[in-house]
Amino acid sequence: MLLLADWVLPISGPPIPDGALAVSGRIIEAVGPAAQLRIRFPHKSEHAFPGCALLPGFVNVHTHLDYSAFQGFTRSCSFSEWMARLLLARRRLDENDYAVSALWGAYECLRSGVTSIAETSYTGWTVGRAARVAGLRARVYVEVFGLDDAHLPESMERLQDALAKTRHEWRAGCVDTTETAGLGPEIEVGVSPHAPYTVSSRLYREAARFARRGSLSLATHVAESQAEVELLERGSGAISQVYKAAQLWSGRRWTPPGVSPMQYVNRAGALSPTTLVVHAVHLDGEDLTILAESGAAVAHCPRSNLRLRCGTAPVSALRAAGVRVGLGTDSLASNDSLDMFAEMRAALAASQERAAMGALTPEVALRMATLDGARALGWDSVTGSLEAGKRADVIAVRVPSRGDLSGGSAAAAWSVREPTGALVGDCVAADIQMTMVEGLVVYRGEGVPVEVERSFGRTRTKLGLGD
Ligand SMILES: [Zn+2]
């Protein structure tokens, strides 16, 4: 089939006005001007998206989809206050509740043009199932917690069980849904020692060793808040108070390491090119060097950082040091939506605050939401840009109709000759008209005729938990 739109933004190359994309099964066959591709592929059926741009699907590098039910449960507050509230709120849900919550989150992703996610989840299977049902490309990092080494063997055992259950859930799900069996991408699993304030040095070391042995990727939250820095360096501050108040930690079995969170994680051997460091807000010069030299990537979550008053990650400095940085929404417990356009705008605004290091441009923000996100996860040979040979992870985005003013097409009206600024500046998730993962339409906006979806051949007809 040929997908046609006013613009095609391959990300790996300049925008193409009146562009087209040839898709064959799961794969992108060619990208270029519509006139050329029509000549090259005269027998392919055509599907036009007038007033739209075609982009690679967004890569959301940090989600907790199973927390989607917590949307709006807290307003802006300090990180430690939020953490205390979340600890209490989490106890009110059981695993089946989390499975429903994750499914809602997965559909929110599709509606928001997100085709790939990197999830950290304590249960794992809940998001594995949701990703399979929705048809999302997903890596599910299963979380492990524990500051008290007396419980380390149980923690590692639970991690292995949760990984096995996550893999099993995906496979079992593919077998029992005959109509959609095997249509979506296979999910990957990974390991996530949660954070320096919840994971002992020994447990970090064990989890990293386990990941290496199994060739699994690793994700960990590091240097998110000032309270975390204070706890690690001095054993004091708001997090230790929360632990004591919640009677989660006596403090007897854990002594502060006296180093920064990044140094702590590095000394435990948890940083490598297959590590995703989530947040990385509070870094000094040495931390930045450690991070860059390790080859680890960073998940930048500007709206979550803003909501929890954590500060702003030094994204421009990280990028200048050669660190791969992708964009993540984090969970709906600390963000309003999974809207990647809003996240890009927040990244731009956040970079203005640290403008001394160089502010980001809309092009860079869009790249972070797509190709750089894929690079951060090691998926750039598969997704993140519109290139021949990659999987057909594609979205159609309606661009705000400046064309109405001139009476011409949207392409003509974007007189900027540069649609990226208009997309990043003005679009919202509701402008997504179509989301395709591996050549399969998994979301269709109101303006897109049903025939378009049917004619793709592999329509998902059964969506829902337990189908
Ligand atoms: Zn997180």
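**View 1. The whole chain, counted up in helices and strands.** This predicted model packs 19 helices and 15 strands into its chain. Of the 467 residues, 59% are buried. Take the contacts with a separation of 6 or more: 72% of them link residues 24 or more positions apart. What the chain exposes comes to about 17700 Å², and carbon and sulfur atoms supply 50% of that.

**View 2. The eight-stranded open sheet with parallel pairing.** Read across, the strands go β5-β6-β7-β8-β9-β10-β11-β12. The edges belong to β5 (58–63) and β12 (325–327), each of which pairs on one side only. Going from neighbour to neighbour, the strands are turned by 25° on average, with direction ignored.

**View 3. Helix α4 lying across two strands of the sheet.** Here α4, spanning residues 125–134, lies across β6 (114–121) and β7 (137–144). Its run is at about 170° to β6.

**View 4. The zinc ion and its three histidines.** Which atoms hold the zinc ion? The donors are NE2 of H62, NE2 of H64 and NE2 of H221, at 2.0 to 2.2 Å. Along the sequence, the donor residues follow the spacing H-x1-H-x156-H. H62 has a relative accessible area of 1%, so this residue is buried. H64 sits at 7% relative accessibility and counts as buried too, because the cut-off is under 20%.

**View 5. Where β11 meets the edge strand β12.** β11 covers residues 297–300 and pairs with β12 in the parallel sense, over three bridges. If you want a landmark, look for A299, which stands opposite G326 in β12. On its other side β12 has no partner, as an edge strand that pairs on one side only.

**View 6. V323, in the loop leading from α12 to β12.** V323 lies in the loop between α12 (315–320) and β12. Is this loop residue buried or exposed? With 7% relative accessibility, V323 counts as buried, because anything under 20% does. So what does V323 touch, once its neighbours within four places in sequence are left aside? The list is A292, A296, A297, V298 and L318. One of these, A297, is 26 residues away from V323 in sequence, yet the two C-alpha atoms are 5.9 Å apart in space. A297 also belongs to the stretch 297–300 that makes up β11, and V298 is in that stretch as well.

Notes: Residues are numbered from 1 along each chain as its sequence is written. This is a predicted model: local features need pLDDT of at least 70, side-chain atom pairs count only at pLDDT 80 or more; totals for chains, interfaces and linings use all residues. Side-chain values use heavy atoms; hydrogens and water are left out. Two strands pair if DSSP finds at least two bridges between them. Helices (H or I, at least four residues) and strands (E, at least two) are DSSP runs, numbered from the N terminus. Axes are lines fitted to C-alpha atoms, for helices over the stretch in contact, and angles run from 0 to 180 degrees between N-to-C directions. Contact means heavy atoms within 4.5 Å. Donors are N, O and S atoms within 2.8 Å of the metal (3.2 Å for Na, K and Ca); water is not among the atoms, so sites may look incomplete. Buried means under 20% relative accessible area, exposed over 50%, partly exposed in between (1.4 Å probe, protein chains only). Accessible areas come from the Shrake-Rupley method with a 1.4 Å probe; for residues, only the protein chains shown count as cover.
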